[in-house]
Amino acid sequence: MTIQTTFIQQKTDKILRSPLFYVGDKYKLMPQLKKLFPKPIKTYIEPFMGGGSSFLNTQAQNYILNDIDSYIISLHEFLSSGAKNPFFLQQIFTLIESYHLSCSLKNIIPPKDLREAYKKTYFARFNKESYLRLRDEFNANKTDMLKLYILLIYGFNRMLRFNSKGDFNLPVGNVDFNRNVLKALNDYFYFIKDKNITFSNADYRDFLLSIPLKKGDFIYLDPPYLISGSEYNKLWNENLESCLYELLEKLDSKGIAWGLSNLLTHKGKTNMLLKDFTKKYLTYNIQSNYISFNDNSTKKDSVEVYVTNVKQTSTIQDSLF
Ligand SMILES: C[S@@+](CC[C@H](N)C(=O)[O-])C[C@H]1O[C@@H](n2cnc3c(N)ncnc32)[C@H](O)[C@@H]1O
């Protein structure tokens with residue numbers, strides 16, 4: 001099989017998936033959200049970038065992208081450098097081969113007896129030992145982003161998770177480097193190669209106060225959700241949420257455009273701070289299939305909203321309130 005390792009031009013209406021496959025990413029919601037973003041955008045600003053699905057689907061002249069998680073930013077910087085490096089994918093495949101990991105993209109798959117004995121878990125069983133060795137080697141100095149990226153791709157639910165000592169501690173997943181990963185990488189490379197992007201690693205308050213904001217810029221915010229459980233929600237609390245709303249009000253008074261995603265209700269809980277905040281701005285109901293990170297049996301009982309100070313010139317969707 002020939003593997004496409006050059007950048008493929010994508011149709012502009014296609015939704016791109018981030019190669020970080022981030023938990024809680026906005027990939028599936030982007031068709032709805034991007035219609036509500038202003039156009040044109042001079043500088044697109046994201047204080048809670050995560051995997052980057054939102055910026056990857058937004059056209060702007062410049063991008064300033066921030067996250068408090070230093071590994072997220074290092075991984076984006078690493079992937080951005082890959083866009084300029086013709087040997088990037090080869091380096092990935094060399095690492096995969098040197099650890100004897102499976103690679104279904106190249107048809108290097110677990111042997112038949114293992115596939116038949118463990119029909120649903122054979123990738124995890126095949127890769128476990130090599131994955132743990134790679135994990136130990138990454139944890140020895142925690143600086144090799146190629147190793148961390150491969151751990152993410154082969155890890156359980158493709159998450160980034162660290163223990164209290166700061167060691168990456170995700171177990172092996174039942175996944176490997178496949179067509180979807182290659183496609184997401186190619187899309188990422190193609191999108192960013194001619195873009196003017198600045199990455200930042202700070203708390204959202206320091207970040208927003210540190211950048212020059214001008215009319216024509218747009219800030220998209222997808223903070224951790226106060227009323228749901230995700231790994232990064234542990235970093236979030238009512239105080240940070242209130243500060244965020246105060247900051248957005250100040251930005252509104254200066255004529256800076258912004259849009260905020262959040263969860264209004266979830267599993268019988270209502271985010272009251274958000275509910276009050278929505279009364280002052282345009283609020284749209286976003287059709288989502290929200291599933292909690294630690295309870296994927298949860299039935300759909302959530303209301304996800306997009307709140308914005310951007311007045312739409314045409315009615316794209318009826319606002320909620
Ligand atoms: C809901 S996720 C963003 C998902 C993203 N929109 C995507 O599509 O992948 C929230 C992000 O906020 C980051 N975060 C949490 N607290 C933060 C803070 N105080 N300042 C900046 N970023 C923060 C987390 O590390 C996480 O990546």
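User: Happy to start with the strands: in which sense do strand 4 and strand 5 pair?

Analyst: Welcome! Keep in mind that this is a predicted model. Strand 4 covers residues 218-221, and four bridges link strand 4 with strand 5. One place to look is F218, which stands opposite A257 in strand 5. The sense in which these two strands pair is parallel.

User: What handedness does the crossover from strand 4 to strand 5 have?

Analyst: Let's follow the chain. After strand 4 the path goes through helix 9, residues 238-253, and then reaches strand 5. This makes a β-α-β crossover, and its hand is right-handed.

User: Is strand 5 mostly covered or mostly open, and how many of its residues are buried?

Analyst: Strand 5 spans residues 257-266, ten residues in total. A residue is called buried when its relative accessible area is under 20%. By that cut-off strand 5 is mostly covered, and the number of its residues that are buried is nine.

User: Which residue of strand 8 stands opposite N262?

Analyst: Strand 8 is made of residues 303-308 and runs antiparallel to strand 5. Six bridges join these two strands. Opposite N262, in strand 8, you will find V305.

User: Which residue in the turn between strand 5 and strand 6 has a positive phi?

Analyst: Strand 6, residues 269-270, is antiparallel to strand 5, with two bridges joining them. H266 stands opposite K269 in strand 6. The two strands form a hairpin with two residues between them. The turn residue with a positive phi, about 50 degrees, is K267.

User: Moving to the ligand, which residues come nearest, and what share of its area does the protein bury?

Analyst: There are 26 residues around the ligand, and Y22, G51, D67, D203 and D222 come nearest. The Y22 side chain has an N or O atom 2.8 Å from a ligand oxygen, while G51 places a backbone N or O atom 2.9 Å from an oxygen of the ligand. A polar side-chain atom of D222 is 2.7 Å from a ligand nitrogen. Taken alone the ligand exposes 610 Å², and the share of this that the protein buries is 99%.

User: How many residues of the shell around the ligand are nonpolar?

Analyst: The shell can be sorted into three groups. Seven of its residues are polar and seven are charged. The nonpolar group numbers twelve.

User: Why does I41 count as buried?

Analyst: I41 sits in the loop between helix 1 (30-36) and strand 1 (43-46). Its C-alpha is 4.9 Å from that of A60, although the two are 19 residues apart in sequence. Buried means under 20% relative accessible area. I41 qualifies because its relative accessible area is 5%.

Technical notes
Residues numbered from 1 in each chain as written. Predicted model: local features only at pLDDT ≥ 70, side-chain atom pairs only at ≥ 80, totals over all residues. Heavy atoms only, no water. Near = heavy atom within 4 Å. Polar contact = N/O pair within 3.5 Å; in protein donor to acceptor, adjacent residues only side chain to side chain. Areas by Shrake-Rupley, 256 points an atom, 1.4 Å probe, with all protein chains shown as cover. Nonpolar A, V, L, I, M, F, W, Y, C, P; charged D, E, K, R; others polar. Buried < 20%, exposed > 50% of the residue type's maximum accessible area, 1.4 Å probe, protein only. Pairing = 2+ DSSP bridges. Right-handed = clockwise from strand over helix to strand, strands pointing away.
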